[in-house]
Each structure stands twice: as C-alpha cells, then as structure tokens.
Amino acid sequence: MALDSKIPSGPLADKWDSHKFASKLVNPANRRKHTVIIVGTGLAGASAASSLGELGYNVLSFCIQDSPRRAHSIAAQGGINAAKNYQNDGDSVYRLFYDTIKGGDYRAREANVYRLAQSSVNIIDQCVAQGVPFAREYGGQLDNRSFGGAQVSRTFYARGQTGQQLLLGAYQSMQRQVAKGSVKQFANREMLDLVLINGQARGIIVRNLVTGQMERYVADAVCLATGGYGTVYYLSTNAVGSNVTAAWRAHKRGAFFANPCFTQIHPTCIPVSGEHQSKLTLMSESLRNDGRVWVPKTNGDKRNPADIPESERDYYLERKYPSFGNLVPRDVASRNAKQVCDDGRGVGESGLAVYLDFKDAIQRLGHDVVAGRYGNLFEMYEKIAGEDPYTSPMRMYPAIHYTMGGLWVDYNLMSNVQGLHVLGEANFSDHGANRLGASALMQGLADGYFVIPYTLAHYIAGTKVEKVTTDHDAFKEAEDNVQQRINKLLAVKGSKTPRALHRELGQVMWDNVGMARTDASLKDALAKIPKLREEFWQNVSVPGDQNNLNKNLEYAGRVADYLEFAELLALDALTRTESCGGHFREESQTPEGEAQRDDDNFTHVSAWEFQGVGQKPNLHKEPLVFEEVHPSQRSYK
Amino acid sequence: MRIHLTVWRQAGPNVGGRFVAYTAEEVSPDMSFLEMLDVVNEQLIKKGEEPIAFDSDCREGICGTCGFMISGIPHGSQPHTTVCQLHMRKFNDGDSFTLEPWRAKAFPVLKDLVVDRSAFDRIIQAGGYTSVNTGGAKDANNILIGKDIADAAMDSAECIGCGACVAACKNASAALFTSAKITHLSLLPQGQVERTTRVLNMVERMDTEGFGSCSYEGECEAVCPKGISLKNIATMNKEFWKAMLQS
C-alpha cells in the first residue's frame, strides 16, 4: 500500500491557505447531525472538542482521568513557541519552520511544519482571548524568553506552569460547550477498541472505569488525542496513567504506527533515588537559560560541589558548544550528560547525575530575579531532592520525556484508516526525530484549534457513511474482543504485580533502547521482550473483578499493551541504522560523536503495519521530500 | 522506616466502609507518600488482595488528581504540598497515620480513597470561561495587561482543582475553588464582558451542587497545596454583591 501524505501542491507558504480553500465545508445547519468522537482531553483533545463544538458538531469527548482538566498536558512547564517576533530579534514563520525542521534532524514533513509555524501566531491570540495569564512586561505587553536551542526569544510562558494554564484555557472553552450541550463529556472512560465499519472508523468501545461496564459509542469519525508512549520505559516524566493503549489498539485495527523509535530524552530531570521510584520529575529546560551545567574534571571526585574550585570544574556544554553553550538541543545535552557519567565523572550517590548550577546567575541577577523566574521549580526540586538549589547546585540526569513517533497521519491528520484522525503527541507528524522545547504545546493546540476543524469538515463533507447503531455486529465483535482480554487478565492469578513486570520491561528498554542504541542492544531487547510478555500472561496478578473501580486491572491492561508495543519500538530502532535526533545508533556517529544521519537510505518515515502479536510487522516507507530546506549536518558548535 | 497506616476501605459508592490497619515496612526517606502506598499495594496484590484505591496521575503536584486526608489534614501536614509531593523524609520511623477520602456531600466516595469531584467541572460549566470561539481573536499584544495584574491573575489561576479546600472546610464549602476562577477572570480585561453573570451563575451552581457556605475559618487556605489566598473569597463576595446590585 502506497502512503499518500496528501501534501498540497504549490509554494510552501501557500499550501495551507490553498488547501483550506480547496477543502469541502459542512453547512452550519447540518453539523449537529454529525457526531465526532474525541478520545483524550489534553491540549489537542480539549482544543479540538471545544472548537468542533463551537462549530456545531455533536462532540463526544472521552478521558481516562476523573476530569478533562487533569490530562497530562497540564504538567508542561516551560512555555509555548510562536513566531510573533514581538522581540524584534529576527523571528519569523519561516525561521520557526526552519528551526523545527533542523531541530527534528530533517525527519519531519516540511508542509506540516510550515503550517504549524503559521498557526503558532493564532494560538497565542486565542489563548490570550481566553484569559490565559501569560507573563507580561511592565508595559503590559507579553513577555518572551529564549528556550531550548533557539537563538530568538519566541517562547511565551505562564510562570513554570504554561501547560497548566493553556490546558485550563482549552478545558474551560470545552466546559462552555458542555454547558451548551454541543460537547458531551465522558470522564473516567478508557478506550479499549476501535470499531471499523466498511473500513471506516465509526466508533469506540470504552470501559467505564468507575462501574467497570463496557460502553459502545458510534460516530461519523473518531479523533485520537491520547498522548505519547513514554511510559513504555516505566520511568519517565509522563504521568503514571499515561499509556499507549488507545493508539495501540487502533494500530491493531490497521492504523500504521510511524517512527516509534523517535523518543526524546529530556536532559534535566531529577535523578532516580531507588527502586520505589514511580516517575521522574522534569525540571524545565528554561533552567538552562541561567543555570550552568558542569561535572568535576577528575573522575570520582566526590567532594561537596562548593568545595570544588572553578579550575577543577568542566562546564562541558560551554566548552564543546561555544555558540549554543548550555542551550544546545535536548538530544545533544542528554547524550553529553550520559557521556560524562559513563566516563566516571557523574555526581551524586549513584554517579548518574550532573550539576546544574545557579551560583553565577544569583550573583549576576540577584536572588529575587532568579526566584521570580524559577521560584516554583526550585521549590519543587527542594521537595523532591531535599536540597536547596539557591545554595547548592541541582543534580540532574536525562529521562524519557516525549515521543515524536506515533500513529501515521496525512496532511489532514487522518491515519491510513478512513475517518481515524490523530492529534497532538499521539501522531508522528511535526517533530521529526527530535522535538524542540516549547513546541509540544504549540503542536497540540495547532492540531486542535486550527487544523482539525478544517480537515475533519473536509472528511465529513466528502464521505458517505452508512447509518448504523451500536447494535451493529462490528460493535459486538469489538466488545467481545475487549471482554476476552479482560477475562484473560483476571484468569491468570499469578504472583507478579503489573508494576513489577512493567519495571522489568522499562529496564530492558532503558538499557537497550535508550539514549544510545546498538545492533546488539536492540537484538537483545527483541529477544527479551517476548519472554517478558510470556511471563506476564502466565504470572500476572490482578485481584478483584472488573465490575467496579479496579485500578490494578486498568494498569495490567496497559502494561500488556506495552509488552506488545515495545517490540515494535525496538524493531524500528534496529531497522533505522542511522542516527538522527533522539535516535542515536552508536554505529552511526561523526568523529566528534554527534548523530550521523544516513540521508541516502533513511530520508523517509517508517510506517509499520500490524501483522499479529509476535509477528513481524510490514514496513511502509513514506519518502520525505525537502523542497525548501537542504538537509545538512546539524551543528551547534 | 516502618510506618503504621489505618486506611478507609470502601468497596463501592453506595456501601459502608471501615478502617483497616496496614504496616509499611522498609520505607525509604526518599519515597513520596504515594510511593509508600504503591509498595503497600504491591504486597497486597502479591497476596491476592485488592490494593487500596487512590487517585494520582502526574505525581508532580500539578494535575490535582491525588489527595486524601492524612490524619485529618488534606494532603498531610506539609504546607503547599500535594500528597504526591509529600516525602517520607519529613516523617519518623514508627509514625502512624489515618488515611481517609475527602468527606463532602458534593464529593461522594467511589471506592476507598477515591471520590467523585465532577461537581467542580459543573461549577466551571456555569461560567468559568470567556465566551470566545476559536479563530478571530485579535493580536495578543493589543490587550495590554500590567505585570502586577497578570501576576495577581496567575496567583488565582494556579488552582489545581484537587478539592483539598472542600475537604478541610467544616461546611464543605467550595468557595476557595470557585472564587479563584472568578478572581482570575475578573482581574483581566478579557473577563469583563461576562463579569456579572459569571459570578452569579457560578455561585448558584456551587450551592446547588451541595457545597456548604463559607464561614471564613480559613482552613481552605491553610491546606491549599498551591497557596491560593483567602482574598479570593473576599473578591468573590465583593463581585457577587456588585452583581446583585446591578442585576
């Protein structure tokens, strides 16, 4: 099957406008006759639900949390990019587009990224109109900061809680539609299967997480905005409830999974303290604006950081990358942290940490300015690590943070399954092999506010769907399929907890498919994962039954899906023998140790087609064509 | 460390519950309170018993999902700290705690420590927004907002909607939650158009959901993990009476 990305023809800057004009429209009076399912209520899902509700569609919104306001977008700290050029420092739509393509190491689609950069300016306007309290200058204008590898200040922020404020803005808009009746909200629901009728996505099976009952919902189209799969590594900065289940079940129904090996490791997270650790906490990248990263020059120097003189410190990012310094992109910063720790120069009890030091910033700016910029982050660090960053440097280590891969979508955000649209982190489209800081919020909101209202209308207006109810055989088949899996989980009655098995899977993934990957490590992962999966199905323990709130049963189902998905991730990483962005194959590096792309063989999207659990999936390649930007070796020297 | 727990166990929404005693062994000071409960639950699951149901998600204090009473105090005794951010290094070997769900008529218990907080969504539905549709917003810098005003709005907007304020209040009032949203939007130019109807509708909804009245004890502010100030309630009352006079 040939993948058609449906990228519009014409000059890059005109593609989206001409595409919008060419797209079909749904008459306002007819919209309420069309039902749209949206799974997930993060930035992408909530913004899509509110926007489609405003347009008059009959929207059904689902989330696994007890309220849509709790989706994991809420945890994003640093900010959101937009090409407003309010700072008069040379920013433009084209520059944001260029930076995103380059930052993604030339593995994203030009047309999608350009549209993203164009939409970015509207997002800020929209959010301000909603009352999002962005940081302001004394004159009343919006404040900006430079963020994660950008040489312009284009990041808008609301203290260290930008994700929270943007999500609450979208959530509040959505609640307004709930009050009006155009959006029906179903919290505490987990999507467990996708229902296809005549090859079209027409519904979902969900489990009501409070009553345990199965529920069926039918619609004209289905949108998944279910986030990323970072918790396949067990420990990540994602919420403990984040999972791949909805996307994976859609994949098992035919939706292609693209570039699963493109995972992002965030360089500044609080290090692991022990086996009990349930998640890792990220400290915003914005800290690198003023914090300086260093380790001792000598191996095994266990002195208190305050006792190590300047001359014996290695500010390795400033040394190796004089022009970007501490602001190099995430993948570069992460790999360098790993490297100095592998060399034996890591700090802290485990030796798996580097210092992020604010001493100079406090001297230069004063305590109050630093507190104003990072106060809540410092407080958070102090709570978790038990040390005061105003007086001693933070200890940081990289952790899994974001996943660029996801379900394959075309320019309309539709997967290869007719009617199945995928938004936000759940799709693969805009960040290539590495996402720039403050770009995830931008993409989630661009997809939901400004892309899907047009492209979904085009789909609905141009597609004939059969009139069906949830009594259709396809619903019954899907529900039976879900029920069988739950019965199977409850019947094992083994002796290992889902958490223990998840932790083992996470260790395999982190060790073998983490920051640096090799042919041998990936083959090792591919040998271990099926064994773990087998053990899971023979030895997992899920007490209780399905007819009430049973969090362990929910969790077991998600771990089971991860035990299937992990194999695909490792296989994709094995197949892509080049290094690019967050995917670092040790076999493919420059003499300086940077990621070495192989453009001749890998300038494509790898889209995988499910063939059965434990069966080798089929690989489909979507070639990436660069008309505007010529791929070059990234350099941040 | 060894920690003694007395935990409210309730199988479902409309059944009685009871306290059950557990002991958490080998608790590390680096664990969060929830990670300690994870370990207790691991032991229960291995024995084939149902683990203690409690809510949590982001585990970094921002999503507002977690929260229960620790010996009578929502989120426990540390100021400005959600239970997921409460670390065991703050406690001593041999300490005992009683864990209970939020107790409020408007927050029915679903299971063990999990309650239904959908009433908060319905308060927001009554007016906790600006009525602007997607598209058509003017350039963001056309709305000038002083830094002090933006900062004050942010102070209110930081509410995470966890419900600790309701749990701490002897009247189970949702005044702090509701007033935080009303204050956030009433401070900003964008919130002026609907300022009057917003406060009237949200306050009315707060009452019909079964939350009690505010009697200014300040328990809510004392336990709020985000430090939302009691001043928000004063603002809400001022806004309410102004709106009553206008309407």
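1. The C-alpha centres of domain 1 and domain 2 of chain B are 29 Å apart. The structure is a predicted model, so every point below concerns computed geometry. The domain assignment places residues 3-111 of chain B in domain 1 and residues 118-246 in domain 2. Contact between the two involves 18 residues of domain 1 and 16 residues of domain 2. On the domain 1 side, the residues that touch domain 2 of chain B comprise 9 nonpolar, 7 polar and 2 charged.

2. For chain B as a whole, the C-alpha atoms occupy a box of roughly 60 × 35 × 35 Å along the principal axes. The chain has 247 residues, of which 54% are buried. Its secondary structure amounts to 8 helices and 7 strands. Of the contacts in chain B between residues at least 6 apart in sequence, 71% link residues at least 24 apart.

3. Strand β1 of chain B (residues 3-10) pairs with two strands discussed here. With β2(B) (residues 17-24) the pairing is antiparallel and has 8 bridges, and the connection between β1(B) and β2(B) is a hairpin of 6 residues. With β5(B) (residues 96-100) β1(B) runs parallel, joined by 4 bridges.

4. His4(B) can be used to locate both pairings. Its opposite number in β2(B) is Thr23(B), while in β5(B) the bridge partner of His4(B) is Ser96(B).

5. Helix α3 of chain B spans residues 147-157, and its buried residues are Ala150(B), Ala153(B), Met154(B), Asp155(B), Ser156(B) and Ala157(B). An α-helix has 3.6 residues a turn, so residues three or four places apart point the same way. Which elements cover the buried residues of α3(B)? The cover includes α5 (175-187) and α8 (231-246) of chain B, and also α5 (162-180) of chain A. A description of the surroundings of α3(B) therefore has to include chain A, given that α5(A) is part of this cover.

6. The interface between the chains brings 66 residues of chain A into contact with 67 residues of chain B. On the chain A side, at least two residues each come from α2 (43-55), α4 (110-130), α5, α10 (367-385), α11 (440-461) and α15 (551-575). Helix α5(A) gives the largest share, 9 residues. By class, the side of chain A that touches chain B has 24 nonpolar, 29 polar and 13 charged residues.

7. Chain A contains an open sheet of 5 strands in the order β11-β15-β14-β12-β13, with antiparallel pairing. Why do β11 (263-269) and β13 (313-314) of chain A each have one side without a neighbour in the sheet? Both stand at the edges with a single partner strand, so one side of each is left unpaired in the sheet.

8. Within that order, β12(A) (residues 292-296) and β14(A) (residues 354-357) are joined by 3 bridges in the antiparallel sense. Val293(A) stands opposite Leu356(A) of β14(A). In a regular strand the side chains alternate between the two faces of the sheet.

9. Helix α8 of chain A (residues 330-342) lies across β11, β12, β14 and β15 (394-403) of chain A. Relative to β11(A), helix α8(A) runs at about 65 degrees.

Terms used: Residues numbered from 1 in each chain as written. Chains lettered and ligands numbered in written order. Predicted model: local features only at pLDDT ≥ 70, side-chain atom pairs only at ≥ 80, totals over all residues. Pairing = 2+ DSSP bridges. Buried ≥ 20, exposed ≤ 12 C-beta atoms within 10 Å, placed from the backbone. Contact = placed C-beta atoms within 7 Å. Nonpolar A, V, L, I, M, F, W, Y, C, P; charged D, E, K, R; others polar. Domains from an automatic or database assignment. Axes fitted to C-alpha atoms, helices over the stretch in contact; angles between N-to-C directions.
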